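Dear colleague,

I am handing over the structure below, followed by an account of what was found in it. Could you please look through it alongside these notes?

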Amino acid sequence: MCIRDSFRLVSNRFCPVDKFQLIHYTPVNSEIGYALCPQCYISPPPGNEEMESLVCGECTYYECPYSRMHNELGDCNECEEGTLLVDFTNTKRLAAFCHFCSIQLIFAPVATKWQKLNDSCKDCHHYLSNVEFFTQNKDFTQKSYKSICLFCEPEFKKKLQIVQPKTPSTYKRSGRGRGRGRGRGRGKGRGGGYRGRGG
């Protein structure tokens with residue numbers, strides 16, 4: 001970190017390990033920011049002791065709802081090195097990013113609730129999700145969706161926007177190796193890569 005990096009508090013998000021309010025950290029010249037707990041960053045929780053510094057997207061502490069264990073969608077098809085993480089700090093849309101190549105995927109306007117399930121899509125191998133909207137969204141026929149794949153469910157697939165990074169990621173540290181859950185696959189599915197409207 002340096003003094004030119006950007007920091008902001010994440011509203012109503014507190015680490016259950018030490019009760020610190022989460023911070024959204026954006027490195028200078030980077031398009032992608034990351035959530036972190038100030039205490040966990042310098043003193044990682046159980047299971048992460050080997051890390052010198054820790055952000056939420058790398059944390060494998062299962063009891064924390066902001067850890068990688070609860071917010072990963074699966075492998076990134078774009079770079080085949082990183083993991084896709086839902087950006088729970090985004091208050092305007094349901095979106096994810098790759099922690100390695102910084103590609104951004106925008107699935108829908110902000111959802112009231114998003115939940116990762118342990119089961120995986122039989123076609124693309126990304127984790128399934130439950131999604132709820134606060135009100136009926138004009139772009140979707142339902143207010144809530146259960147056990148869907150954000151990449152394969154027709155209504156979400158049609159709205160998927162892909163934003164390619166303009167600058168290299170500064171987050172490249174651990175790749176895919178840590179905290180891989182069950183049901184993970186290459187994520188290519190029948191079509192390969194991501195198919196969306198582009199950024």
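Strand E2 and strand E3, the latter made up of residues 34-36, are paired in the antiparallel sense through three bridges. Within that pairing, Tyr-25 has Tyr-34 of E3 as its bridge partner. Please bear in mind throughout that this is a predicted model.

E2 is also paired with E1, again in the antiparallel sense, and here the pairing extends over five bridges. Tyr-25, already mentioned as the partner of Tyr-34, is also the residue of E2 that serves as bridge partner to Phe-7. E1 and E2 together form a hairpin in which six residues lie between the two strands, and in the turn Lys-19 has a positive phi of about 70°. As for solvent exposure, E2 is mostly covered, since five of its six residues are buried.

A further piece of strand architecture is an open sheet of three strands, which has the order E8-E9-E10 and antiparallel pairing. E8 and E10, the latter spanning 144-148, stand at the edges with a single partner strand each, so one side of each is left without a neighbour in the sheet. From one strand to the next, the twist averages 15°. Strand E9, residues 127-132, is joined to E10 by three bridges, the two running antiparallel, and Ser-129 stands opposite Ile-148 in E10.

Turning to open space, the largest pocket has a volume of about 630 Å³. Its lining consists of 28 residues, and the closest to the centre of the pocket are Arg-13, Asn-71, Val-86, Phe-88 and Trp-114. At least two residues of this lining come from each of strand E1 (6-14), helix H2 (68-71), strand E6 (93-98) and strand E8 (113-120), and the largest share, six residues, is that of E8. E8 therefore appears both in this lining and as an edge strand of the open sheet described above. Sorted by class, the lining of the largest pocket comprises 13 nonpolar, nine polar and six charged residues.

The second largest pocket, with a volume of about 300 Å³, is lined by 18 residues, and those nearest its centre are His-24, Asp-87, Thr-89, Asn-90 and Gln-104. Strand E2 (21-26), E6 and strand E7 (104-109) each contribute at least two residues to this lining, with E6 giving the most, namely four residues. In terms of class, the lining of the second largest pocket divides into six nonpolar, seven polar and five charged residues.

There are, in addition, two cavities of 30 Å³ or more in the structure. The largest cavity holds about 140 Å³ of space, and of the 16 residues that line it, Ala-35, Gly-57, Val-86, Phe-88 and Phe-97 lie nearest its centre. The elements giving two or more residues to the lining of the largest cavity are E3, H2 and strand E5 (83-86). By class, that lining has nine nonpolar, five polar and two charged residues. Val-86 and Phe-88, which are among the residues nearest the centre of the largest cavity, are also among those closest to the centre of the largest pocket.

The second largest cavity has a volume of about 90 Å³. It is lined by 13 residues, the closest to its centre being Cys-37, Cys-40, Cys-56, Cys-59 and Cys-64. This lining has 12 nonpolar residues, one polar residue and no charged residues.

That brings me to the cysteines. How many disulfides does a search of the whole structure find? The search finds zero. The sulfur of Cys-98 has its closest cysteine sulfur in Cys-76, at 3.7 Å, which is too far for a bond, given that a disulfide needs the two sulfur atoms within 2.5 Å. Likewise, the sulfur of Cys-152 is 3.7 Å from its closest cysteine sulfur, in Cys-149, and this is too far for a bond. As to their surroundings, Cys-98 is buried, with a relative accessible area of 0%, whereas Cys-152 is partly exposed, with a relative accessible area of 30%.

With kind regards

Key
Residues numbered from 1 in each chain as written. Predicted model: local features only at pLDDT ≥ 70, side-chain atom pairs only at ≥ 80, totals over all residues. Heavy atoms only, no water. 1 Å grid on protein atoms, 1.4 Å probe; cavity = no way out; pocket = protein on both sides within 12 Å on 5 of 7 lines; lining within 4 Å. Points joined across faces, edges and corners; volume = space filled by probe spheres on them. Nonpolar A, V, L, I, M, F, W, Y, C, P; charged D, E, K, R; others polar. Pairing = 2+ DSSP bridges. Axes fitted to C-alpha atoms, helices over the stretch in contact; angles between N-to-C directions. Buried < 20%, exposed > 50% of the residue type's maximum accessible area, 1.4 Å probe, protein only.
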